[in-house]
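Colleague: I should be grateful for a close look at one loop of this model, the one that carries a cis peptide bond. Please then relate that loop to the rest of the chain.

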Amino acid sequence: MPDLLLELLSEEIPARMQGRAADDLRRLVTDALVAQGFLYEGAKAYATPRRLALHVVGLPAKGTDVREERKGPRVGAPEAALAGFLKSAGLASVDELTVQSDPKKGDVYVAVIERPGRPTPQVLSELLPGIIRSFPWPKSMRWGAASRDPGSLRWVRPLQSILCTFGAETETPEIVPLLVDGLLSGDTTRGHRFMAPDPIQVRRFDDYAASLQTARVVLDAERRRDIIRHDARDLAFAQGLEVVEDDALLDEVAGLVEWPVCLMGRFDESFLAIPPEVIRATIRANQKCFVLRDSVSLSQGERSSDAERRPGEGGDLSGQVQTPHPVAPADATRPLSPGEAGASTLANRFILVSNIEASDGGSAIVAGNERVVRARLSDARFFWDQDRKTRLEDRLPKLDSIVFHEKLGTQGERVARVASLARELAPMVGADPDQAERAARLAKADLTTEMVGEFPELQGLMGRYFAAAQGETPAVAAAIEEHYRPLGPSDRVPSEPVSVAVALADKLDTLVGFWAIDEKPTGSKDPYALRRAALGVIRLVLENGLRLRLSELLPTSTLSYLLFGLHESEGIGRSNYQFLIGERYEGGVITGGDWHKSPYRLYLNFDGFLEREGGLAGKAELSVARDEDKANAALSELRSRISSLDTLLAVLDFDDGSMRLEGFTSFYKSRSYDPRTWEGAAAELSKSLVPFFHDRLKVYLRDRGARHDLIDAVLSAGAVDSLSPSGRGRAGGSRPGAQLAESAQPPHPDPLPDGERESGGGAPANDDLLAIVRRVEALGHFLATEDGTNLLAATKRAANILRIEEKKDGLSYDDIPDVAALVAEEEKTLAVALARAAHTAGEAVAAEDFAAAMRALAELRPAVDAFFDKVTVNAEEPALRENRLKLLAMLRRATREVADFSRIEG
């Protein structure tokens, strides 16, 4: 069958646009052909710096013949109606019509319209010019004299020629006539701009690709990438070196050349004193060149990326959660300061890719690139030397002039919040509070350096280098770099405790802040990368095996905004802000008093929300009360006087009045709760943020193979509580199963009080991420067994019966069944089994032994099967029916200790 060959030759197309443009060309042309009824066997598009090409295989020579019968007016209809019908059918007279009998209308005229299929070249000549004129380039231009006409052709770069042929392999292809703004299509193209500029006549795709290859043009982008990759490796290997792989740069360079020729250049070894990442960024960004390293070792840049990914990270989670693995401590992976042995494993060589085979072997090209690289590296060395002259803490005042967000203040104010939050989180993750706060204080300081100003992608990393150079501890230096991580689903997760504390604080501050000002992600729009921040929190918690509750993290971060988040435009002066947190500038160095060091030690104990040591000693003293009696007295006074922020203002009583109630209320304006109450702000944020975390957790687990219905079942089950060493665990009273299991004989307990029926006694539901994941894993293993499958079927049957009967009766059967009223042996057996299973499963869940909880539920299977086989639930006696429905509700409640089985498919 005939093939179509289309080429659009132009000036150089930007490399970043080529791949998308080739895909768009294939999609637009093939979709238009299919819409016209022209099916094809295959299509492939190609892109080089100067051309887009499309090859469509297996098109028909002409369209399908069409025969249509169109009914018209009845015989004897008015002349006007008949004339209109003839015109619409394209017929000249009534003689061309036939008459058919219609049961409803009687005899009617029928037009038989036969249209032969149109030749494919004719259809192409109508379709392609419109596609070319409306091509969706991200940016386009007009050129030449025609550019004065607003309706003239727009293309990414000036379009020079159009090649379009159509025909079978056994025939001479014909030129498809296209006319686009004065450009007439033909059967000629051109090769390499410099090495083969003469016109080349082609017939079909096979000789087109071969002719371009002879004319020094590699048509396929993937082949150009392979040539560059292999030639670069060969050059490096010959010198005992290896290429630092960079797929993004490889893609870009393959889009810059039509005939890739790899050459090697060098630079002065003294530049190796610069951090290797800076050298790589300089050569990559400015010259599009690949750096080389000693073949016997890895560069620091690679050690800090994929090479450090832990075993199991990003793996499958089809029924099993990946267990965190230890990694090297921070001092084993920190960047080496200049002058240390092995500070850089980069070699003073680089690979450049030329677009021509030079007559001198590329000597002039190499010399020119070496000259530019030398100048760029000189600038980088200057930045490096100058930036090290100023300590990171001395740069902090500059952050006050960098706006983070107009409603959330400056970077300086954000750093204060993150530092305080990192100190609070440090004990929870096993980090040193002083080091966590120090790292958070310095984490954003490198934003003011010349090096990060030149290479923004090095933020954090340069902070680590500067911190190491000024003698910070390895943990602090590592945390400065790693607090941005993880940057995506495949990025490495920090494991050093200080890094984890700062990374969590940074992401939680971002989430709480943007949630408070109602800048939440909507649909596909997430301008502040809040989904990525939430996923980062999830991965930090799960992949480090942390036991942290969202119900504790989110209110703590919200309080951070109340303490530190109000900037001058919202009514609190910087001087009072510094006074409030005990912060002072002494010789350009920030110091903090006791208040500053312990930001959450009961200064703002709204309704006893945080009950920890220390307190506000009263109106006249803004320091922490160390004396126990004074602290207790201050606590008592706070509890009685501070329940909302307007009362707090009266306690602080700033003389200049710059701290106003409006500053607090404006932060929480347009909320459904009282904006002045701390509990209201924290509760509202948690109410909307916890489900957001659940959504991201679902995505995270699904990507690792977990079933979506199991995740929903666990999240819908109620509270996922834990028993931590600190005593945190399941709150509330005893469970129904615990009461029923107290007796060896079928007991007859009193119903539980209403307040004790909810799982967890009112504890925050499902806010322990690690427990959720472990429960999903255990549930997956359980349902893979025969007992699990059968129990699932029985539980769903019970749930369906309850749903129908509760809806019909208009009441709930969640009360405890009357064991004395049980009649059948099977229901008595089930009652005892349920009591023991619920008790055992509940204790196992509280102890986080989810496998044991599943085993306890599995023991229900014989009793449940016997009950449904022998017992009629909807008995004629109302009391017996009610009691049996309560027994089914007990089964539903027992399984909900682990998951909501009604959410599970199958």
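Modeller: Helices here are DSSP runs of H or I with at least four residues, strands are runs of E with at least two, and both are numbered from the N terminus. The model is predicted. In these terms the chain has 32 helices and 20 strands, and the loop in question lies between helix 15, residues 474–482, and helix 16. Proline 486 sits in that loop. The peptide bond that leads from arginine 485 to proline 486 is cis, and its omega is near -5°.

Beyond the loop, helix 16 spans residues 497–516 and supplies 13 residues to the largest nonpolar core, which is the largest share of that core. This core holds 154 residues, and Leu504, Phe693 and Leu779 have the most contacts inside it. For leucine 779, leaving aside residues up to four places away in sequence, the partners are Leu710, Ala713, Val714, Met854, Ala899, Phe901 and Ile904. A further core of 36 residues lies apart from the largest one, and Leu4, Met17, Leu124 and Val180 are among its members.

The chain as a whole gives the setting for these cores. Of its 906 residues, 53% are buried. When contacts are restricted to residues at least 6 apart in sequence, 72% of them join residues at least 24 apart.

Tyrosine 46 offers a case of such a link across the sequence. This residue is found in strand 2, residues 42–48. Its relative accessible area is 11%; because buried means under 20%, tyrosine 46 counts as buried. Tyrosine 46 and aspartate 220 are separated by 174 residues in sequence, yet their C-alpha atoms are 6.1 Å apart. Aspartate 220 is also one of the residues that tyrosine 46 touches, together with Ala22, Arg51, Leu52, Ala53, Phe205 and Leu219, again not counting residues up to four places away in sequence.

The loop with the cis bond may be set beside two other loops that hold backbone angles worth inspection. Arginine 216 lies in the loop between helix 4, residues 205–214, and helix 5, residues 221–238. Its phi is near 65°, a positive value in a residue other than glycine. With a relative accessible area of 29%, arginine 216 is partly exposed. Aspartate 181 is placed between strand 9, residues 179–180, and strand 10, residues 183–184. Here too phi is positive in a residue other than glycine, with a value near 50°. Aspartate 181 is partly exposed at 38% relative accessibility.

Finally, one packed helix pair deserves description. Helix 11, residues 411–429, and helix 12, residues 433–442, have axes that come within 8 Å and cross at roughly 155°. Angles over 145 degrees count as roughly antiparallel, and helix 11 and helix 12 are therefore roughly antiparallel to each other. Their crossing is right-handed. On the side of helix 11, the contact is formed by Val415, Ala416, Val418, Ala419, Ala422, Arg423, Ala426 and Pro427. Helix 12 meets them with Pro433, Asp434, Ala436, Glu437, Ala440 and Arg441. By class, the residues of this contact comprise 10 nonpolar, no polar and four charged.

Terms used. Residues are numbered from 1 along each chain as its sequence is written. This is a predicted model: local features need pLDDT of at least 70, side-chain atom pairs count only at pLDDT 80 or more; totals for chains, interfaces and linings use all residues. Side-chain values use heavy atoms; hydrogens and water are left out. A nonpolar core is a set of buried Ala, Val, Leu, Ile, Met, Phe, Trp, Tyr and Cys residues joined through side-chain atoms within 4.5 Å. Buried means under 20% relative accessible area, exposed over 50%, partly exposed in between (1.4 Å probe, protein chains only). Contact means heavy atoms within 4.5 Å. Axes are lines fitted to C-alpha atoms, for helices over the stretch in contact, and angles run from 0 to 180 degrees between N-to-C directions. Angles under 35 degrees count as roughly parallel, over 145 as roughly antiparallel, 65 to 115 as roughly perpendicular and the rest as oblique. A crossing is left-handed if the near helix is turned anticlockwise from the far one by less than a right angle, and right-handed if clockwise. Ala, Val, Leu, Ile, Met, Phe, Trp, Tyr, Cys and Pro count as nonpolar, Asp, Glu, Lys and Arg as charged, and the others, Gly among them, as polar.
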